[in-house]
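Subject: Handover of a two-chain model

Dear colleague,

Please find the structure below for your own work. My notes on what was found in it follow directly after.

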Amino acid sequence: MNLDYTPDQKAFRDEVRAFLAENLPERLTDKGRAGRPLTKRDHEEWHAILNSRGWLAGHWPTEHGGQGWDAVQRHIFEMETTAAGAPRIVPFGVMMLGPVLLKFGSEAQKAHYLPRILDGTDWWCQGYSEPGAGSDLASLRCEAVRDGDHYVVNGQKTWTTLGQYADHIFCLVRTSKEGKPQEGISFLLIDMATPGIEVRPIRLIDGSVEVNEVWFSDVRVPVANLVGAENMGWTIAKYLLTHERTNIAGVGFASAGLAALKRMAKGQMDRGRPLTENPHFAARLARIEIDLMAMATTNLRVVSAAAAGQAPGPESSMLKVKGTILRQEINNLAKTAAGPWALPFQSEALEGANDAIGPEGTRRATATYFNNRKLSIYGGSNEVQRNIIAKAILEL
Amino acid sequence: MDFSLTDEQRMLQDGLRRLLTSGGTWDAVAEMGVIGMLLPEEKGGYGGAGSDLMVVFEEIGRAGSDLPLIDTGVLGAGLLAAAGQDVDDVLAGGARIALAHAEPGSRYDLAHVETRAEENVDGWRLTGRKSVVVDAPNATRLLVTARPEDHAPIALFEVDPKALDLRGYPLTGGGEAAEIALDATPATLLWADADAMLADTHARATLAISAEALGLMESIRALTVDYLRTRKQFGRPIGKFQVLQHRMADLLIEIEQARSAVVNLAGHIDTPDRDRHVAATKNLVGEVARLVVEDSIQMHGGIGVTEEYDLGRLAKRLSMVDHRFGDTLHHLERFIELSA
């Protein structure tokens, strides 16, 4: 047993650090630290910087513009970028659709779409959930009916993250009502400029607008935009859920969040001493850190197995549950640490309109706490993840 | 032992519930005599028992109302009455009162007052900063605490809010507040040694906000149970899944604990061991509030955090209860000290 990175892995880590020190714009890290939302242009700027180094999709194979990173390299890259306060890579094209096309796409689809994801030509969003199909995703009803060389799509998708910025959407659609619901689902690529598509924003209680409803009425999609075979969509969705989510534990986010929480709490005075010296606060902070130290290693154990060629499979459900609980605990303690400064409603919508209230580290604590309730809901709720663990690992 | 309400309290409860569900305004609530119910007779009111406060504020919470009844009714009227002022106009709804006590570095420490009062030939002048002063932007009267010198008792003053350039900001879950900068601002001295009356009114305000939290919990519980019964996934209502049944059952148990904690404080608000009950109740209510907020949102899924659905606003209000008059950590520490 040896918990250290290999010399090659250390060299890679140093290379990433050096690159970030040189190329990560301070303007973007400042925004991140203050909890201010990034614009579409900010995301595009960071993607372009990474792409110029070939690191936007480092886990893709070299022939498609990646570096062929293994799971440990990806982990190192993710840890270093989050620690440096870099924006997250918008996942829909690079992390989700890319790997799907690499595994299931036709040569024509790979040749057309993959370069456009890397150079920023296309901004993808995800059309999975529907008002009636949340945890029970397989009950989805958005329908694609074959008409010559086209599918005609009708229905509604919801919780589409950053759909307001997107020009393309990958969707799970119903192509058959025969057999089990899972067997009649297909994976379809849709250009959002096609007539019949409407995007409506959903305002959330933290004041943010990051998710949307997407409505389809008689939207004509070329049959060539089908990924894999018709009615194979569920297999593709499951592949995405379990095989391509090495960062699902969010260790980097948790570490960065914990560091920010400690910085902020040290500056809050509590009856004449820094809050971090309140024994009850200190105990909660310590419990989080202890949990995080273990989870980082759980994550590395799964990542190492993946790097050695064993697919992580249902273990990613374990990482998702533990990781989201931990991040939400950090968010809760940050809200507690903010004290009375948690009271002002400081949403991103009000940014600039009002003077910010309270010390900088406290201002976004309440909004972040409420926004991150989503962590245990999206991407397969934690209840669904526990079902997967019970069935696939425990065989109950 | 008798946990039942008096006939008068039941009428107040029914009337207030009806009024608030039809969008009760400040004037209508005052006209009903609700503010007077918060003060005892010797202070000009006609209620003031712990159970009176519990009845009123549970209804405020149940309705998710953001009327500043704690600020004007409990803190404002309570302090004015304690300082021997006539409060008839306040009880009739003729004033909105904000208390500017907390300061940028005070967190939840009532004794932390750095604002300085100086007396010269023209009278008193105050200099300092007050933060998150709830309802200050709408206040017609502003009460301000300050000390004439470092270790002197806290004194209570009144400042004309029109003399200040107050810019309000919204609070999470409703209501408004302002930051206040005082720079040799003229003030009228109401009471020179106000420590005890501040402790007293804050104890009552803690009871009020705990009862409000209880009302919010009851409304959230009703919404969530209704959602569990009607939302269908996997071909049946999600409330048929045992994991959610157990989660909801645990919420019910904890909300009943919160009710008992509020009853405990209501029953001890005028007894010598009041402060230990304040700490116990606020700590427990804060813990249960977190559980109710987080579990109710989780059981709803994404709809629970959308602006258009009721739960979000109620959850935000409930979550903010832990950020006024001391949070769970503050009161845990207080309870340990007071129990030693």
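I begin with a single position: Ser106(A) is partly exposed, with 13 other C-beta atoms within 10 Å. Burial here is counted with C-beta atoms placed from the backbone: a residue is buried if 20 or more others lie within 10 Å of its own, exposed if 12 or fewer, and partly exposed in between. Ser106(A) sits in the loop between α5 (91-104) and α6 (107-118) of chain A. Its C-alpha atom is separated by 7.5 Å from that of Gly228(A), although the two are 122 residues apart along the chain. Helices (H or I, at least four residues) and strands (E, at least two) are DSSP runs, numbered from the N terminus.

Please note that this is a predicted model, in which local features need pLDDT of at least 70, side-chain atom pairs count only at pLDDT 80 or more, and totals for chains, interfaces and linings use all residues. Residues are numbered from 1 along each chain as its sequence is written, while chains are lettered from A and ligands numbered from 1 in the order in which they are written.

A second position in chain A is Thr29(A), which lies in helix α2 (residues 26-33). Thr29(A) is likewise partly exposed, with 15 other C-beta atoms within 10 Å. Neighbours within four places in sequence aside, Thr29(A) is in contact with Leu24(A), Ala84(A), Gly85(A) and Ala86(A), where contact requires C-beta atoms, placed from the backbone, to lie within 7 Å. The C-alpha atoms of Thr29(A) and Thr82(A) are 9.9 Å from each other, with these positions 53 residues apart along the chain.

Chain A as a whole

Chain A has 12 helices and 10 strands. Its radius of gyration is 22 Å, which agrees with the value near 21 Å that a compact globule of 396 residues would have. That radius is taken over C-alpha atoms, and the globule rule is 2.2 Å times the number of residues to the power 0.38. Along the principal axes, the C-alpha atoms of chain A fill a box of roughly 75 × 50 × 50 Å. Of the 396 residues in chain A, 46% are buried. Among contacts in chain A between residues at least 6 apart in sequence, 71% join residues at least 24 apart.

Chain A is divided into domain 1 (7-89), domain 2 (124-231) and domain 3 (245-393), with bounds that come from an automatic or database domain assignment. The C-alpha centres of domain 1 and domain 2 of chain A are separated by 30 Å.

Chain B as a whole

Chain B has 10 helices and 9 strands. The radius of gyration of chain B is 21 Å, close to the 20 Å that the globule rule gives for 340 residues, so chain B is as compact as a globular protein of that length. The box filled by its C-alpha atoms, taken along the principal axes, is roughly 80 × 45 × 40 Å. Buried residues account for 52% of the 340 residues in chain B.

The assignment for chain B gives domain 1 (7-91), domain 2 (97-193) and domain 3 (196-339). The contact between domain 2 and domain 3 of chain B takes 7 residues from domain 2 and 11 residues from domain 3.

Within chain B, strand β4 (residues 141-146) is mostly covered, as 5 of its 6 residues are buried. Strand β1 (residues 97-100) runs parallel to β4(B) and is joined to it by 4 bridges; strands pair if DSSP finds at least two bridges between them. On the antiparallel side, 5 bridges join β4(B) to strand β5 (residues 155-159). Val144(B) in β4(B) stands opposite Ala100(B), and its bridge partner in β5(B) is Phe157(B).

The contact between the chains

The contact takes 32 residues from chain B and 33 residues from chain A. On the side of chain B, the elements that give two or more residues are β3 (123-134), β6 (168-170), β7 (176-191), α8 (274-300), α9 (310-320) and α10 (328-339).

In α10(B), the buried residues include Leu329(B), Leu332(B) and Phe335(B). Their cover includes α9 (279-307) and α10 (315-338) of chain A, together with α8 of chain B.

With kind regards

Notes. Two residues are in contact if their C-beta atoms, placed from the backbone, lie within 7 Å.
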